[in-house]
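Please load the model in your viewer and keep the selection panel at hand. The tour below goes from one selection to the next and says what is to be found at each stop.

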Amino acid sequence: MATLEELKQIVRENGELEGWHFSEVNIDYDPIPWDYAEIVRSYLKPNDRVLDIGTGGGEIFLSLAPNFAEGIGIDHYPEMVETAKTNQSRSGVSNVDFIEMDGSSLKFEKHEFDIVLLRHLHVYVNEIMRVLRPGGYFITQMVGKGSSKNILDAFGWTPGSFGPGWWQPVDELAKQFEDQGCSVVAQGEYDVRCWFKDIPSFMFWIMSVPWPEDIQLEKHWHTINQIFKSSTTDRGIETNEHRGLLLVRKL
């Protein structure tokens, strides 16, 4: 249990999320069947031109940059694009550009990219198919509607309250791509337990990720304490992570 002032102090000390980077969060998982970045890396070729939709701070995309020739990362939020450019400057990566753009309306010509990537965002099938070259790959990992179920329950939120398109069932999305001339290379889902090892890590996460309602400590601190009480185990503060994976090839 923590007082309101203690939670406020933790949030102040944590600071704000920059980009979409949670590497300093102390979290443990049950075994996960895949690693998104490793899957992507295995399909990249030295001459590829790659598009990353919803790149955030560009952390994953920059780590993949040595494996392709040229890349463009786009994000709807200008502050994310600025963070990505800052991260690029620090990394010394020169074969990637970052642009403010929405994934629902891509400002590119037909067949510009060998690979299109998207992680944890709505998939606009028509736009992706338009810019993807024949023989190219689309790879996405999606946040499942069952993710963080105990957190949603504690706040009285339902998966549908995130708005339309938050979770696109993998089989339905695969069918949409097949209908437009793609073959499904891989698809899957996992739902695993995870544990935040300390309160600061949990607070950084819960204050940073998008929820149906903004977390306000003055309003929600009792609910946060209820989560501590009901979900704290020997391994930490428990919740779950539900993810979907889809990899298709345009014929």
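Begin by selecting V40, which is found in helix 2, the stretch of residues 36-43; bear in mind throughout that this is a predicted model. Is V40 buried or exposed? With a relative accessibility of 0%, V40 counts as buried, because the cut-off for that class is under 20%. If you now display its surroundings and leave aside the neighbours within four places in sequence, you will find V40 in contact with L64, L117 and I139. A distance label is also worth adding here, since the C-alpha atoms of V40 and Y137 are separated by 9.7 Å, although these two residues are 97 residues apart along the chain.

Move next to Q141, which has its place in strand 6, residues 132-143. Q141 also counts as buried, in this case at 5% relative accessibility. Which residues does Q141 touch, not counting those up to four places away in sequence? Selecting its contacts should bring up W34, Y36, L118, R119, H120, R243 and G244.

Two loop residues come next, and for these it helps to have the backbone torsions shown. H111 lies in the loop between strand 4 (96-100) and strand 5 (113-119), and its phi is near 60°, a positive value in a residue other than glycine. In terms of accessibility, H111 counts as partly exposed, at 33%. S148, in the loop between strand 6 and helix 6 (149-155), is another residue other than glycine with a positive phi, here near 55°. S148, however, counts as buried, with a relative accessibility of 8%.

Now turn to the N-terminal part of the tour and select helix 1, residues 4-14, together with helix 9, residues 217-231. The axes of the two helices come within 10 Å and cross at roughly 95°, which makes helix 1 roughly perpendicular to helix 9. On the side of helix 1 the contact is made by L4, L7, K8 and V11, and on the side of helix 9 by L217, E218, W221, I224 and F228. Colouring these residues by class gives seven nonpolar, two charged and no polar residues.

Stay with helix 1 and colour it by accessibility, where L4, L7, K8 and I10 appear as buried. They cover an arc of only 160° around the axis, so they lie on the same side of helix 1. The general geometry is a useful guide when you rotate the view: an α-helix has 3.6 residues a turn, so residues three or four places apart point the same way. What do the buried residues of helix 1 pack against? Their partners are helix 8 (199-208) and helix 9. Rotating to the face turned away from this buried side, you will meet the exposed residues R12 and E13. Just after the helix comes G15, whose phi is positive, near 75°.

For the last stop, select the cysteines C182 and C194. C182 is buried, with a relative accessible area of 7%, and C194 is likewise buried, with a value of 3%. How many disulfides does the model contain, if the sulfur atoms of a pair must lie within 2.5 Å? The count comes to zero disulfides by this rule.

How values were computed. Residues numbered from 1 in each chain as written. Predicted model: local features only at pLDDT ≥ 70, side-chain atom pairs only at ≥ 80, totals over all residues. Heavy atoms only, no water. Axes fitted to C-alpha atoms, helices over the stretch in contact; angles between N-to-C directions. Helix = DSSP H or I, 4+ residues; strand = E, 2+ residues; numbered from the N terminus. Parallel < 35°, antiparallel > 145°, perpendicular 65-115°, else oblique. Contact = heavy atoms within 4.5 Å. Nonpolar A, V, L, I, M, F, W, Y, C, P; charged D, E, K, R; others polar. Disulfide = S-S within 2.5 Å. Buried < 20%, exposed > 50% of the residue type's maximum accessible area, 1.4 Å probe, protein only. Arc of directions from axis to C-beta.
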